[in-house]
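Visitor: I would like to learn how the words used for a protein model are justified. Could you take me through them with reasons?

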Amino acid sequence: MRYSGLKVITEGLFGNKGWKPAWRNPAPKAEYDAIIIGGGGHGLSTAYYLAKNHGMTNIAVLEKGYLGGGNVGRNTTIVRANYFLPGNTEFYSHSLKLWEGLESELNYNVMHSQRGLINLFHSDGQRDAFARRGNAMINHGDDAVLLDRDGVREMLPYLDFEQTRFPIYGGLLHARGGSARHDAVAWGYARGADMRGVDLIQNCEVTGIDIENGKVVGVQTTRGAIKAKKVGMIAAGRSGQVAAMAGMRLPIESHVLQAFVTEGLKPVIDHVISFGMGHFYISQSDKGGLVFGGDLDFYASYAARGNLPMVEHVMEAGMTLMPMIGRAKVLRSWGGIMDMTPDGSPIIDKTHIEGLYIDCGWNYGGFKAVPASGWCMSHLMATDTTHELAKRFRLDRFATGHLLDEEGTGSQHNQH
Amino acid sequence: MRLTCPLCGSRDRREFYYYGADTYLNRPAPDAPMAAWDDYLHLRDNPAGVTRDLWYHEQGCAQWLKVTRNTVTHEISAVELVAGPAAGGKGASE
Amino acid sequence: MRIDGKGIIDRTRPVSFRFDGREYGGYKGDTLASALLANDVRLVGRSFKYHRPRGILTAGSEEPNAMVEIHGRTNQTPNVRATVQEIFDGMDARSQNRMGTLRHDLLAVNDYVSPFLSAGFYYKTFMWPRAFWERVYEPIIRRAAGLGSLSGKHDDGSYEKAFAFCDLLVIGAGPTGLMAALVAARSGADVILAEENPHLGGRLIDDAGQIDGEPAALWVARVEAELRSLPNVRIMTRTAVTGAYDNGTFGALERVGLHKSARPNLPRECFWRIVAKRSVLAAGALERPIAFPMNDRPGIMMASAVRSYMNRYGVVPGKRVTLFANTDAARDTARQLIAAGVSVAAIIDPRADASSVEDCPVYTGAEVIDTRGRLGLREITIRQGGEEKRIETDCLAMSGGWNPTIHLTCHMNGRPQWNEELAAFVPVEGAVPGLSAAGAANGTMSTHGALAAGKAAAEAALRHLERNVAEVAVPGAEDAPYAVRATWAVEGKGRAWLDFANDVTVKDVRLAAHENYASVEHMKRYTTQGMAPDQGKNSNVGALAVLADATGRGIPETGTTTFRPPYVPVSIASMGAGGRGMGFAPQRFLTSDQASRDRGAPMVEAGLWYRPSYFPKPGETTWKEACDRETTMVRTSVGVCDVSTLGKVDIQGKDAARFLDFVYTNMFSTLGLGKVRYGLMLREDGTVLDDGTTARLGENHYLMTTTTAGAGVVMRHLDFVQQAFCADWDVRFISVTESWAQFAVAGPMARQLLAGYLGQPVELPFMGVAPVQIGDVQGRLFRISFSGEEGYEIAVPTRYGEALFRDLLARAETMGGGAYGMEALNVLRIEKGFITHAEIHGRTNAFDIGMVKMISAKKDCIGKAAAQRPGLLGPEREQLVGLRAAAPITAGAHLFRPNDKVELKNDQGYVTSVGYSPTLSAWLGMGFVVNGRARHGETIRLVDHLRGIDVLCEICDPVFFDPEGGKLRA
């Protein structure tokens, strides 16, 4: 079924009775050409592009809960391509290009909105670091503008320019940065994959990975054994547990990151604003809630909930930067499980087991990568060769020292 | 969230700095193969359940602590000093 | 309408307030909602999506409809619950989310096109043409969405945060909570009793019941008086416990001054962190609506709210009331109204076997299937058997039963259990460690049951705390069975609202199920049910019951979505109290701060410190003029600079040298007494952590300096290395950063200045250290240089810092020298090729900065093994170089071969630091270039798109000035 404004009107006139299910509820088959473990954003986009780009439709996505129930459904929805290290720049740039066509690609309104992202800086040194970033973006054909204090004031007049603890020197504007409706991305890819014949199997937890003679042959699940010669592990914060089923240890620690939303407010913040000195970022959703967050709680956790010290730190940062939000009331706070790699960059790679692939380590930045991650992971699973855009996302880069470290936190854990 | 420092008692989480799995205590010999260093620096069990991790009472007694903690419930079952009576000089070679 | 003889308002103190510009009167103790109802105002808001007229549904913080803006003289507060906000003289409340007036809201057009605005419709349209999303569709959607408005002005209100500690936290002061607090208090435990309302008693007040044969209010008053008399009890009213966190920590929001017109010295709100050894959740239960057609009109409200308005405020919300309820207990609403002389037109009870004996018409086995009245309820249609009947009424009280207030028990991922008998979810014991739910919050619905449960919960907590338990008798009270028959939705023609606040109807939930958004989380997200300001307090259970029905699953199998903190919305300002302005982070000031400001120096942030940027002289109009002058001054005479921000670590013990050898790449055990050496410190992963000089003050005594930014990180690192790897070594160290003020004195005349000042010749060799006597003050003199000149650093205990700085400056100025700031310091160090954190930015290792030889082959050190990884060595690495140009250059620029296209794949490196060298009359830079050390002499193109710079530079050795170091050693 094709969605359109006309369809919404005709269905509305007839009681909205003719809509078709967004996806089927198939029973798992005994065997597939490929299995994806994890029905989050990255798993669903991988399934979609396996079907769309590589013609692999006899595949299944196995999800232990509900589709899109992981970080894709609990993030702060920022979409940007402002990375400066070669290897990252190209990848995120491609991802943003995919975002820019995602509504028509999926026939699903993911509400990708290029509202403009502004990264504030507060010293000459930070300005120069952002200049390095902005220049790298432009060198790759993306957009960046270095704003001075007055430039920022013109766009964000409500910031506190007089007495904030870290005075605003300026900002790096990434006009094509913005936000999207997070659930819609998962649902759009799910519906697209389902339409192409992919089996999306919910409430199906993988309990074992079957390996014979160094090759993967299938998985054990709560709904029985399923055979497949190719298996992709795309389990985000739970990657460690999934990989352990294949006898692997990963360079990952899982951490909790909290986020917040306020009650609905009439439009007051147009852009996405990032305040690095305060570990604070904010935007306003189309429903009117201020969506914002900060840094990790900083302890390994699978609880998907956090504690007050970081909650308060985030609120304090908001109050020093933009005290006009003081009377907005936080409606809900939540946490996600972040698969943190030591250098903060992801992994899309083969493993030492033939036919077993892994896509993980998205840290706290996986949402914007959903399209390109699926694009590259599907390429890897279909062709058994690494996509050019993902060639730096190697699993062994920590052992060899070929790090990809945007934040300068290195190859040790917990320095983020 | 609170931790009970063996020296200072029950304190707010704000006083502590977190450093991850206690794997960091098992420093390989300087001439150990690179795989051992890779293990030490990067690879983690990352358990969903009981783990032992390192915390530093930065705004207190400046002691590094080994905390037995559940990553699913956040329950803390033990806190010991890294440099407690049992600690030695392992790791630093001549 | 106000009636006599009821309520706990103070009728001797009238209060005047405004709503939408009109003046109204109420009494002290009224909420905005009760005062409006007393004035027969039923229409107070517009709904979120369809902009339907809405009234007051509840009498508590769970209110989904009656949200208003409160306007003050300088600011405004959006989304205030009229049911919580107490009125005060001059209060200016305004309805929100309307275009036009509240009665004539232009956006009510949405209601007429509602068939096209079904659940998730926006995912299916607005996709074409692509450019229209940001430019047309989204702006329209955004303007229509949202509720109240922020002013856009800084919130200058006063807010506070505080910590509190107790043995037992009792959450809620209804029958359960009062009883629990009383038992614990008499047992001597430290008790905090937190109550969301301004008064204690909960439903004891709201329902005007009896205890021990007396009005319950008397018992409440006696208990309150006793609790207030005890030193171990703290009663916190107007305080909602908002979240349960780890290790017995709770968040709580106190409304301190929001109900007062003038509040000198009072904050608006205070956010509490309460640390409790044990806690009792006695938060009661929330009555739930029934989803019958057109159930959202002003005048339709919860039956319990009708009782609350009558018994708390003496207000009856209608003249001809009807009751639609599925429990026996709700019948009390009608009885109390009749007793108060209010006409009750009908009781409609969906239970066919329910009693029909009341003092008013009763329709059993009946349902409400339609309502009328555009801006307020006028009439309902009921269906009994096959018959339909219209009944005139201006207030319909409804009750679909009760949901225990389990929210806090879910904050740590606890999943509640479905209880078929109660037709509700109840908490699971242990879901929050140390917390027990009791009374209605735990599904015990009778008053007597609640009192007994409160006692039992307190006793259990006291036993956990190993305290003696004082014997307290449970008083007599109503103990009727709670007979509920689940009634979720009533079939009929019109829309039936589940989630009033987000305009989600039964049809929307069914559509979600039909489209296979069938998991409860999918349904929630697709329809937005439960995502509104009430967070599903009124709608969650009803919606998932409808979903369970639509999908053919049971409610337990369908499960619930998760309740998350906060229980009630909390202002950003209260949780962020203290962060406003300079409060966000500490400010660190040098001892020379005032002296620098006196000289007009602009102060800039260096981490948390403030350091002088430059010292302007009359006639200088730009920072660069001052910087050039100060640079030349140091090169030609003498300059003074406060360098106290550098971290200082005093290290002592027989193994101090051994320890330094382990944490630094190079050797310190070989350092001579009275000597200083530059050291490079790595992280264990081989990346440069920090650098600085370390002096040997004695056989077993060293003084380490770190970078300004690295001071804290290095201290933590040293503590780790020592405690983890060499705890048995004889070494101790402590940060002395704040104990010493230290000043660089640099330039060809530095020695002369110091000799004159100290009154003796200065004969310290390069990289030497010696004690100095300045009057009675014992100081230290180092011969080290960050400028490339003959340089000294003189250190004195901090309290003498300012005096020393002023003395040194005065002397320097007589010699043609003076103070220099960060800008000149930066140019001087670039001329000399010295690195800072601009270069050691966390991605560079010893190889990259050309110091690989500093990793001693003779010993192990932190970071040595990992630094050998192949990816960290070799010609493909970007290596530190100097850059020289004739035109201005910028840090952050990228470097390209002159004939290459400027694009990412041709990137040769980047610039980290730049400065104009008046000494060499050139622009100098430092940067990293692929295989840079082999490319000295090569011309490279520097491109900074952002700042319009495109110039050719020469790659050179980073040491531009005095490469042999003759000046240093002079």
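What follows is a conversation about the terms applied to this predicted model.

Visitor: What makes the size of chain A agree with that of a compact globule?

Guide: The globule rule takes 2.2 Å times the number of residues to the power 0.38. With 416 residues this gives a radius of gyration near 22 Å, and chain A has 21 Å, so the value agrees with a compact globule. Along its principal axes, the C-alpha trace of chain A spans about 65 × 65 × 40 Å.

Visitor: Which share of chain A is called buried, and what makes a residue buried?

Guide: A residue is buried if 20 or more other C-beta atoms lie within 10 Å of its own, and 69% of the 416 residues in chain A are buried.

Visitor: Why are β2 and β6 of chain C said to stand at the edges of their sheet?

Guide: In chain C, five strands form an open sheet with mixed pairing, in the order β2-β1-β7-β5-β6. Because β2 (22-28) and β6 (76-81) each have a single partner strand, one side of each is left without a neighbour in the sheet, and they therefore stand at the edges. Direction ignored, neighbouring strands of this sheet are turned by 35° against each other on average.

Visitor: How do you know that β1 and β7 of chain C count as a pair?

Guide: Two strands pair if at least two bridges are found between them, and β1 (residues 10-19) and β7 (residues 91-95) of chain C have three bridges, in the parallel sense, so they count as a pair. C:Arg18 stands opposite C:Asp92 in β7(C).

Key. Residues are numbered from 1 along each chain as its sequence is written. Chains are lettered from A and ligands numbered from 1 in the order in which they are written. This is a predicted model: local features need pLDDT of at least 70, side-chain atom pairs count only at pLDDT 80 or more; totals for chains, interfaces and linings use all residues. Helices (H or I, at least four residues) and strands (E, at least two) are DSSP runs, numbered from the N terminus. Axes are lines fitted to C-alpha atoms, for helices over the stretch in contact, and angles run from 0 to 180 degrees between N-to-C directions. A residue is buried if 20 or more other C-beta atoms lie within 10 Å of its own, exposed if 12 or fewer, and partly exposed in between; C-beta atoms are placed from the backbone.
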